[in-house]
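Got the viewer open? Let's walk through this one selection at a time, beginning with a single residue and working outwards.

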Amino acid sequence: MTPILELRGITKRFPGVLANDHINLTLEKGQIHALLGENGAGKTTLMNILYGLYQPDEGEIFINGQKVTIHSPADAIAQGIGMVHQHFMLIPVFTVTENVMLGEESTRFDGFLDRDQAAARVRTISEQYGLAVDPYAYVKDLPVGVQQRVEIIKLLYRKADILILDEPTAVLTPQEVEELFDIMRSLVEQGKSIIFISHKLREVLEIADLITVIRRGRVVGSVRPEEADQYRLASMMVGREVQLELERPPSEPGEPVLEVENLLVTDELGQLAVDHVSFDVHSGEILGIAGVQGNGQTELIEAITGHRHILEGRVRLLGQDVTNAPPRVITELGTGYIPEDRQRDGLVLAFPVMDNLILRTYYKPPFARGRRMEWETIRQHAEALVKQYDIRTPSALTLCSALSGGNQQKVIVARELSRPIRLLVAAQPTRGLDVGSIEYIHQQILEKRSQGVAVLLASTELDEILQLSDRVAVMYRGQIVAIVPAAEATKDYIGLLMAGVPPEEARQRIGRKPVEIG
Amino acid sequence: MNPEKTPQPPDFGKLVLEEINHEAAPPPQPERRKRGIPQSVLIPLLAVLTGLIFGAIFIILTSQEVYNGFGQSFGAGLTAMWDVVARSYTALFTGALGDPVRMINALQSGNALEIRRAFNPFLESLVTSTPYIFAGLAVALGFRAGVFNIGAEGQLFMGAITATYVGYKLVGLPMIIHLPLALLAGALGGAIWGFIPGWLKAKTGGHEVINTIMMNYIAFRLSEWLLTGPMKRPGSYNPVSPEIQPSAWLPRFFEDPIRFHLGFFLALGMAYVVYWFLFKTTWGFELRTVGSNPYGAKYAGMDVTKNTVLAMTLSGALAGLAGANEVLGVNHSLAMAFSSGYGFDSIALALLGNNHPVGVVLASLLFGTLRNGATSMQLSANVPNDIISVLQAVILAFIAAPAIIRSLYRLRKPAEGEGMITIKGWGG
């Protein structure tokens, strides 16, 4: 049978980079084909070529055996190719139907929008594939998982046969991921074909019919899930053996380092973001904050580190009141902070690596004497850290913007961990990073913990939270709904809490039986 | 979904750029410089060349001689074209740098006066460059801190006013006190004019581009009022200030009519100070961090507000010095409209100089030379003044828009931040 989609020898060069090097990919009808690779491996470039955003330098695209040229996303849609981006492109104040109609508006004879006809089609599609979306609901009222389904409906409404899902699980709770997988299965049963982009090994193994691994712009190989496991996929992705399970010695919590009491914080719009939150973190322990993105974790971390105004409540660091203290005071008391948005807050991309490595200590000896910067010392310091933290950069003078995401993050980690600290606040420390860098950063965090540092870890990656934390605090709608010791923190239980299920009910649902982590 | 008709999210272009620049990070290139002339030098040179070519077209199109020539015969027309362009550009060159033949002859004759006269065009170019250096540094320092100081012209006027006032009002001081005092007054006048929009930005969020433009108008009108009122020279029919005391003059190195004065070296010294400040001190590090990424600066514990105000104030002080330099070094009094747009041209200079003090000095020398040469082109080649303005504007446009030059000459776009690495080479 002719494959529904075939890419032959796709090559794409950017100045100085070979993003795609003669990539071959075949998608059979009714198949879920996973594209697995580290960031920067070339997955997104390849999909952007398929979606008409880039033109390949070499290579051909065949759809149903017919050679095609795709000049624009409109072309791609005309060819039956649709893409769900990582960031949704929905208008919150429109209804589901209006969002779906956008750009494809069907009008009645009098020129007015025919919403009812469109809504009927949305309902049909929704029922056919088990999407369960109300055509008249406003998008702003829908949970993220359902918004994603609206994106899928948009594609189906435009009669797409090939669906590209770019990291679709990144924003979902574990339960929502399961629901998405059910939908994907239902789609392929009814003849749709899916390209599933991910860097999460477990998910890929669970859902895909075929897994193609890309590394440095080349196809490393394609495997069926039944003949692969996480270790094999990880080493294919990275190109070397990778340690997936971490050695985590039992924690020996000491005195409390960070004490947070009844914290009340609002977001930019003045909406309540952190709603009377209390917890403490002891030396030598990792407290993980789990939660779906946008449940107040960002604001909580910013408030603790002095970057957001605290309306009510207290923050104490080593017994000292640091409520609404300036960031520098909090830093000087011994706080290391890995910010959530590394490119916006954590680095000055236009500065060299060496400048970024002293961004928080530039004014202190030995980096400055009086007001004079000691560039020679700064350079030596940078070279030592580059070596110690394995930052892959041509030199300490290279601009941070030229580094890969993983190495940019290593610059931040090196800067924050190389100082003598008592508290480490890490927000999304491995978001978007490749397996190798994640492994490295996790080891560094555990290393700090065994040195007696108190670690506050906020992450939307539940796997990361469960792997590292000694206790897990779950945030939902600005509140900490439960703080669970590692032994009881199973994926299912925490997942239910993240979705807003009250602790007692969640406990009942999982039947109190310990469920395997991982 | 249908992105063609769906409203694009605003960061779409950024996403694509990130895809190219960051996610697929280019393999590190060990050697930073390619062989050949670096683009930071090549582009200004090509811009001047292109500007001269366009200028030649304008000169030809506006020359009566050429039309007369073509009236006679085609050959005569071509000859006239060649003649007028050659004559104009010879005048431009000798006016800017001096006549080489005359300079050699003068050196051989050993006649001191003749030597000075032969070299005067070159020295005069340096005189013209001096306010450009000060004002260019002012704008460059602002850019480094992330503020767009369009108000250099107004700050320059304020600096000139205060320097003039101190210059003629204080009588009987020795030069060693009076001159620094007058310069300081100039810097202070500009600094106040820069501080106000900086403070407004920090406190109210009022954008400095708008506020500095408004401050310009206030400065212009204020100077007009002062020159027709309180600061008017007694007994004069012209709106001009009293003459500045010679004790506040920037000393000249040669006799009249050679105007080359100490200001040029002060400007070079100031370029070094700005360089040192920006790249060797923690003040400069904070300023540059705030300018490059205010979020990162906040995260690093820096005071973004304070640095914004500081940058505008220092920028104003430098522009004020440009004004002081003109009144104390060249004019010795303040007249209406004494500045011919130095403050505005300095924006282009800062950009051309990559906001680096060394670049600003080089760009200023280029500008001063062109401007000085253009004056003599008008005098000796009879090219209308307006055409010279056109020529300057064309060169300026090409310099300010390197993208045009790159596409004209098919140069490759430099890697992101190439210029910054060069700068780091200076700083490290």
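Start by selecting A:Val474. Ignoring the neighbours within four places in sequence, A:Val474 touches A:Ala290 and A:Gly291, then A:Ile480, A:Val481 and A:Ala482, and finally A:Ile494, A:Leu497 and A:Met498. Keep in mind that you're looking at a predicted model.

Now widen the view. A:Val474 belongs to the largest nonpolar core, a set of 266 residues. Add B:Phe134 and B:Leu137 to your selection: together with A:Val474, they have the most contacts inside that core. Which helix gives the most to this core? Pick residues 304–331 of chain B: that's helix 13, and it supplies 13 residues.

Back to chain A for a moment. Colour residues 5–241 and 258–502, which an unreviewed UniProt entry lists under "domain: ABC transporter". In the 258–502 span of chain A, helix makes up 33% and strand 26%. Draw a distance between the C-alpha atoms at its two ends and you should get 27 Å.

Next, colour chain B by pLDDT. The chain averages 84, with 87% of its residues scoring at least 70. For the two extremes among its elements, try helix 10 (residues 263–280 of chain B), with the highest mean at 97, and helix 18 (residues 418–427 of chain B), with the lowest at 30. Around helix 18, the whole stretch 415–428 of chain B is below 50, and has 22 contacts beyond near neighbours in sequence. Residues 1–34 of chain B also stay under 50, with 58 contacts beyond four places in sequence. Where pLDDT is low, don't read the predicted coordinates in detail.

Last, zoom out to the complex: the predictor gives an ipTM of 0.78 and a pTM of 0.77.

Key: Residues numbered from 1 in each chain as written. Chains lettered and ligands numbered in written order. Predicted model: local features only at pLDDT ≥ 70, side-chain atom pairs only at ≥ 80, totals over all residues. UniProt positions renumbered as here; feature names shortened; annotations may be inferred. Helix = DSSP H or I, 4+ residues; strand = E, 2+ residues; numbered from the N terminus. pLDDT = per-residue confidence, 0-100. Contact = placed C-beta atoms within 7 Å. Core = buried A, V, L, I, M, F, W, Y, C linked by C-beta atoms within 7 Å. Buried ≥ 20, exposed ≤ 12 C-beta atoms within 10 Å, placed from the backbone.
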